[in-house]
Amino acid sequence: MSNNSDNDCSAPDSDGEVADEIAIISFERKLDTAEEIRDDLADDYDRIDILEYHGEVFADHWGEYDCFVGLMASGIAMRKTAPLLDDKWDDPAVVVVDEELTWAIPLTGGHHGANQVAYDLSKLGAVPAMTTASEAAGKQGVESRAKALDTHVVNGDSTVETNLAVLNEELGPVARLDGPKAVLADDDVTVLKRNADDGVVIGTGSVSGADKEQFLTAWTEALEDVNKSPDDVEFVATATRKEDEPGLTAAAQEFGVGVAYLDKETLEEFEGPTPSKSKELIGWPGISEASAIAAGRDHELLLEKRRHDDAVTVAVGR
């Protein structure tokens, strides 16, 4: 993300992406802890700067970073940032963490970077104290789904209603619409747009209880077959019936991508070429190929289904 006076660096994060540029604001006596945070999180962010605290430090750098990490009492950060807040979609996120790295508390911008930064601070032992409603209830809000799908929210005001539907378990899977097409949408319909235009999608299925290493090995070998790496993966796609597979979720986290869960009707529309036992046994099309085709931007299959260890199937789409 570039940094110049004509580009508000908080804007990309404000439409659903992870924060990339962070400022750690610290009192002089806590600079060693600030450096520890920076060193431990360096691989996860494009830029992490340390700014020594003074009364106008937030104001002087407002809009320069996606997220401020205040190594200070929450009251100080609240008093200094409150007058600067204008719009949740444009304001940078703010997280506070104590000197002992016990708690990481998102104050503003929870869905726009603060929750993610607080989660990353848990690597240092801090407990992320999430207060956004969907995360507090253990559910994936719309902004989190956007990140998982490597997309961004186009119409931010809609997320109030759609996140309420998430809490009430009424939203269902994200629907996909291929263009060119004109769409008339109500104010409570959240529109997501892809960030990348050249990535691939991993479609995957598994036996119940397949572990993380089985997924990782299957995915890595499949990507090698098409000369791709984990960095080329937009997200992983699978069936809604696989939502409770911890091995799959853990593997996706290690790859650094999200998981899209597709319903049966969608998979039936994009059934792959390889015969599948699941269709004979339970009426579902082959999950890996159908997921890769359905979720890919061009609905193309780069790699047909491969099976690993009689536990995980994988296909690659774009």
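## Working through a predicted model

Residues 24 or more positions apart account for 65% of the contacts in the protein with a separation of 6 or more. The model is a predicted one, so let's check its confidence and then work through some of those long-range links.

**Exercise 1. Find out how confident the predictor is, and where pLDDT stays under 50.**

Start with the average: pLDDT comes out at 85 for the protein. Next, look at the spread, where 90% of the residues score at least 70. Now go to the weak stretch: over residues 1-17 pLDDT stays under 50. For that stretch the model still has 45 contacts beyond four places in sequence.

**Exercise 2. Take stock of the secondary structure and the burial of the protein.**

Count the elements: you should get 13 helices and 13 strands. Then turn to burial: of the 318 residues, 45% are buried.

**Exercise 3. Search the whole structure for salt bridges, then work out which elements Glu21 and Arg47 tie together.**

The search turns up eight salt bridges. One of them pairs Glu21 with Arg47, and the closest N and O atoms are 3.5 Å apart. That falls within the 4 Å cut-off for a salt bridge. Now place the partners: Glu21 sits in strand β1 (residues 21-26) and Arg47 in strand β2 (residues 47-52), so the bridge ties together parts that are 26 residues apart in sequence.

Is Glu21 buried or exposed? Its relative accessibility is 4%, so Glu21 counts as buried, given that buried means under 20%. Finally, follow the charges outward: Glu21 and Arg47 belong to a salt-bridge network that also takes in Asp49 and Glu64.

**Exercise 4. Describe how α9 and α10 pack, and find the salt bridge that links them.**

Take the geometry in steps. The angle between α9 and α10 is about 50°, and their axes are 8 Å apart. That makes α9 oblique to α10. As for handedness, the crossing is right-handed.

Next, list who meets whom. The α9 side brings Lys212, Phe215, Leu216, Trp219, Thr220 and Leu223. Facing them in α10 are Gly247, Leu248, Ala250, Ala251, Ala252, Glu254 and Phe255.

Two names there deserve another look: the side chains of Lys212 and Glu254 form a salt bridge, 2.9 Å from N to O. Glu254 is in helix α10 (residues 246-255) and Lys212 in helix α9 (residues 212-225), so this pair links parts of the chain 42 residues apart. For exposure, Glu254 has a relative accessible area of 49% and is partly exposed. Lys212 is partly exposed too, with 28%.

**Exercise 5. Stay with α9 and trace what Asp225 and Ala218 reach in the rest of the chain.**

Begin with Asp225, whose side chain meets that of Arg306 in a salt bridge of 2.5 Å, N to O. Asp225 is in helix α9 while Arg306 is in strand β12 (residues 301-308), so the pair ties together parts 81 residues apart in sequence. Check the surroundings: Asp225 is partly exposed at 46% relative accessible area, and Arg306 is partly exposed at 38%.

Now move to Ala218, also found in helix α9. With 3% relative accessibility, Ala218 counts as buried. Setting aside neighbours within four places in sequence, Ala218 touches His308, Val312 and Val314. Take His308 as the test case: Ala218 and His308 are 90 residues apart in sequence, yet their C-alpha atoms are 5.6 Å apart in space.

**Exercise 6. Place Thr33 and Gly172, and say whether each is buried or partly exposed.**

Thr33 first: you'll find Thr33 in helix α2 (residues 31-41). Its relative accessible area is 12%, so Thr33 is buried. Beyond its neighbours within four places in sequence, Thr33 is in contact with Leu71, Glu99 and Leu101.

Then Gly172, which lies in the loop between α8 (159-167) and β8 (192-194). Its relative accessible area is 36%, so Gly172 is partly exposed. To finish, measure across to Thr240: the two residues are 68 apart in sequence and 9.8 Å apart in space, C-alpha to C-alpha.

Terms used
Residues numbered from 1 in each chain as written. Predicted model: local features only at pLDDT ≥ 70, side-chain atom pairs only at ≥ 80, totals over all residues. Heavy atoms only, no water. Helix = DSSP H or I, 4+ residues; strand = E, 2+ residues; numbered from the N terminus. Buried < 20%, exposed > 50% of the residue type's maximum accessible area, 1.4 Å probe, protein only. pLDDT = per-residue confidence, 0-100. Contact = heavy atoms within 4.5 Å. Axes fitted to C-alpha atoms, helices over the stretch in contact; angles between N-to-C directions. Parallel < 35°, antiparallel > 145°, perpendicular 65-115°, else oblique. Left-handed = near helix turned anticlockwise from the far one by under 90°.
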